[in-house]
Amino acid sequence: MAKTRGDFDVEPGSLFDNMQVRLFDSMSRLSGLVVSGNIEPPQLVVVGAQNSGKSSVLEALVRFHFPVDSEKPTTRFPIKLVLRKADKETTKVSIEAEESRSEEWKRRLNHFTESLSVDNNFDHIMERAKAEFGMHPSDKPSGIPGNPKKFCEDVLVIERHGPRMPELSLVDLPGLFDAASTRQTRDDRGRINSLVSKYIESPRNIILLVVSAEVSDYSNVPALGLIQDIQVVHTTLKRRAICVITRPDMAGSLATTQGVLGKESLFSGDFSRPWHVVRNQDKMAREQHQSLEERDQIEKEFFDKLDWEAVPPEQKGIAALRETLKSMIWSHTKDQLPGVISEIKAKIKQAEAQLDSTMRARATPKARREYLGNVAERFSILTREAVKGTYENEGCGKDHQTGEACQDCEGFFDGFGNNSVENQQKRLRGNIRALNRAFAAAMRQYGKTKIEIEAEGATTPPSHTQDPMSKQHVDGEPCFQPHGTKTYYIHDEPERQGRKEYEQWVRENMDYWKAKGPGGEPSDGTFLGLFAYQARKWGKIASQHVRAVWRVVEEFIKLAVAASCPDRDVLAALQYRLVTPNLESLKLEADRTLRDLVSCHVQSNPGFYDGFVEAYTVREHTKALLQRLAAMRPELVDSTEASGASATSSTEQTRTNAQQGSAELPNAQRHQDPKPKGSGNSQRSGDKLDKDKAKDDHNQKSREEILTYALENVTAVLSSGYPFLNNSLVQKTVIPMIASQISTILDFNNDSGGKEKRTEIRIRKTVQDLYPSNFGDLAAARVIEQVEMHYEAIRASFIGYVASLVVEQKIMARLSQKVLTMTLIRDIDDNVIDDIAGETLEDAKKRKDIERDLNTMREVLQTVEEYLKASHDITR
């Protein structure tokens, strides 16, 4: 009898050679890794019905005594045995929690470890495990409310190391059963069947099926039926399963038992290897603590009997079973290793990518600064593209197959035609251009405090006419408006007032602004005050515009920073410590510039009076005047009514000049005589028409000269109230145009004797209509016209300066320079870098775990590849 120590036999019964031991020890390290996932190494799994003798077979294989209780099932959860040779004898127990357990329960079970000396009893380990699993004795009915379950999928892992331990690893599963009882319910049966099926289906596992010879018909064995059902789907099971018969000394039918061991067995189609048979220790031998060496000797003597001569030696006894299992493990492992290698490589690649993108880049102060520098560079590139409006994406620098999903290949800017809210938020230049157009439209529509409306007797046309630019808009709004910005460009409508009332209002307020000048003349403050009054909404309109600009800028910045920084925790800190403060600084600077512009323009800076050419104003006023003239129609006004009209001395002079030039007017109508009749007079009639036409042209020219002279005299008076009339463009071009228009109006087909007189009266009345309605408001009219003349030019200047100096220079041009750049990252303090990108304790632990797991997987991969190479060499 060999010496034993505790519950462990010192005689080796190894299933692995040294190379396999190294391989399986290496692969077993994968089970505890975070990043390796479900890489399952090949392993031996023992399956059988309850009381089929599984524990006895395992004891003979592993040289390890299992606690046995014939009154109840011993194995109620998977037990994984790992036996290895080592200089020091140790036993380590741990639990691998099933997936359905709660996270709290998993943490509790994973912390359950116990180291035992060689003198400790294995029964103690089993009882502690049952307590940790929350299980109750199987003789207590599980139907009682509040009772915990009897079976579970948590795996009890027992690692035993010692100088005389065999090299072996296997998993023992709970036994199958058919009939339910008060001790084992139908739910228990279903749970065990599901657990056993999961292990059998795994292509990495070698299945050792244990069947008791006590049955009279092997077709009624539940485990065999389960194997056959699974083989329908998992065809590899035939090569990786082997069946062993136990208790041959208690066989129900020796002939039947020996029949299934033969080559012509009824089940030979279900297994590629022949069945085996081993003899178990009986109950008395176990109670007397019979050694495993004695057990082997009794088994040998049993199979040496004549009854078992027909069974080949390689199918009888535990030693033969051990050799078959060695061969199966060797070949099966070699077949599975290519798949294992592929899985390990894939997990290594995933771990490396995770470290490169999130963790390793922040492991040291230098790495953190470099990491933030890369984020800043990426942000600057995106911002420059958005500011320029080119919207070009960088090329992908990663190596991968064409068509493989890659975030870098997708790009930040989407393609033409995709105008979703988020995609449009990235097109910063397009949004800013739209906002600038909306700002210009708002200034034209809402910028004035008071506008004129057409009224009878108004001295000048209303100044609030629709600008040509507004034709680009529909209902006063831009055709394209960035999301959420419309309300920034809606303001109070200007007050509407007729020209006469407007002049009266200005004249009344002039009295409150009197200075040292002569009475009746406006002070300088009157001009400045009226302009400031008319432009007092500019600051609010411009401020709202800049707020809208900042809204679209901040929306873009948020998207660009998020696209540049993959770590959510770093992104939040980066926004808080750098991006937001830098944007606030830019806002303050832009606001200062806007305040200066508003102050400069609204206060009617004299530089605008001196520097602007009023061509636009002259053109607009002249256009309005010509439109009024074009609308005039000849009216029958008798001379008595006309002669009674009052006029100023300047008007009388105008009438006198008109009379002097009207002597030729009667002859101007001679071409209107009836045409002579008859074909004989055709030549003479044609000559007469040519002469009449020449005379008409001469008379038309004479009338235009008379009117031009009259209008020049009128403008001498009007220019004091309407400064634009002194402009050379008006004197040289506009007045002749007006004269021509009036002359055409007054040219009608009437050859009556009073034609000359009526023409003179109409000329005088038409010219008088250009006078102010009330000469008492002449000073007010002069103030209004002076302000109006400069308002248009100064407003256009203000719109341009806000768009170019504030929006473009103080905001857009500085986004890629002042918000987040490599220079800023280079110059900031190390403490700020650590606050932004420093590792948390959790991140540091996670990084170290991944680095450790990565190194482990590389070592395992090296071992597996060496084993595969060696196995190929042996095969050759």
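**A walk through helix 5 and some aromatic pairs**

Tyr 218 is buried, and Trp 275 is buried too. Keep in mind that we're looking at a predicted model. Let's stay with these two residues for a moment. Their ring centres sit 6.1 Å apart and their planes meet at 85 degrees, so this pair counts as edge-to-face; the cut-off for that label is planes over 60 degrees apart. Where do Tyr 218 and Trp 275 lie? Tyr 218 is in the loop between strand 9 and helix 6, while Trp 275 is in the loop between helix 7 (254-261) and strand 11 (276-277), so the pair ties together parts that are 57 residues apart in sequence.

Now try another pair, Phe 302 and Trp 308. Here the ring centres are 5.8 Å apart and the planes are at 50 degrees, so the pair is tilted. Are these two buried or exposed? Phe 302 has 12% relative accessibility, so it counts as buried, and Trp 308 is buried as well, with a relative accessible area of 2%. The cut-off for buried is under 20%. Phe 302 has another neighbour to look at: Arg 279 lies over the face of its ring, 5.9 Å from the ring centre. You can find a similar arrangement elsewhere, with Lys 587 over the face of Trp 550 at 5.8 Å from the ring centre.

How many aromatic pairs does the structure hold? There are 17. Aromatic residues can also gather in a group: Phe 439, Phe 531, Trp 538, Tyr 791 and Phe 798 form one aromatic cluster.

Next, find helix 5, which runs through residues 186-201. At 1.5 Å a residue, its 16 residues should span 22 Å, and its end C-alpha atoms are indeed 22 Å apart, so the two values agree. At the N-terminal end, Thr 185 acts as a cap: one of its side-chain oxygens is 3.3 Å from the backbone nitrogen of Asp 187. Several residues of this helix are buried, among them Asp 188, Ile 192, Leu 195 and Tyr 199. What covers the buried residues of helix 5? The cover includes strand 3 (43-48), strand 7 (155-162), strand 8 (168-172), strand 9 (205-212) and helix 6 (222-231).

Two of those strands lead us to a last stop. Met 165 sits in the loop between strand 7 and strand 8, and it's buried, with a relative accessible area of 6%. Met 165 and Glu 89 are 76 residues apart in sequence, yet their C-alpha atoms are 8.9 Å apart in space.

Methods
Residues numbered from 1 in each chain as written. Predicted model: local features only at pLDDT ≥ 70, side-chain atom pairs only at ≥ 80, totals over all residues. Heavy atoms only, no water. Helix = DSSP H or I, 4+ residues; strand = E, 2+ residues; numbered from the N terminus. Expected span 1.5 Å × (residues − 1). Buried < 20%, exposed > 50% of the residue type's maximum accessible area, 1.4 Å probe, protein only. Contact = heavy atoms within 4.5 Å. Polar contact = N/O pair within 3.5 Å; in protein donor to acceptor, adjacent residues only side chain to side chain. Phe/Tyr/Trp six-rings, centres within 6.5 Å; stacked < 30°, edge-to-face > 60°. Lys NZ or Arg CZ within 6 Å of the ring centre and 35° of its normal.
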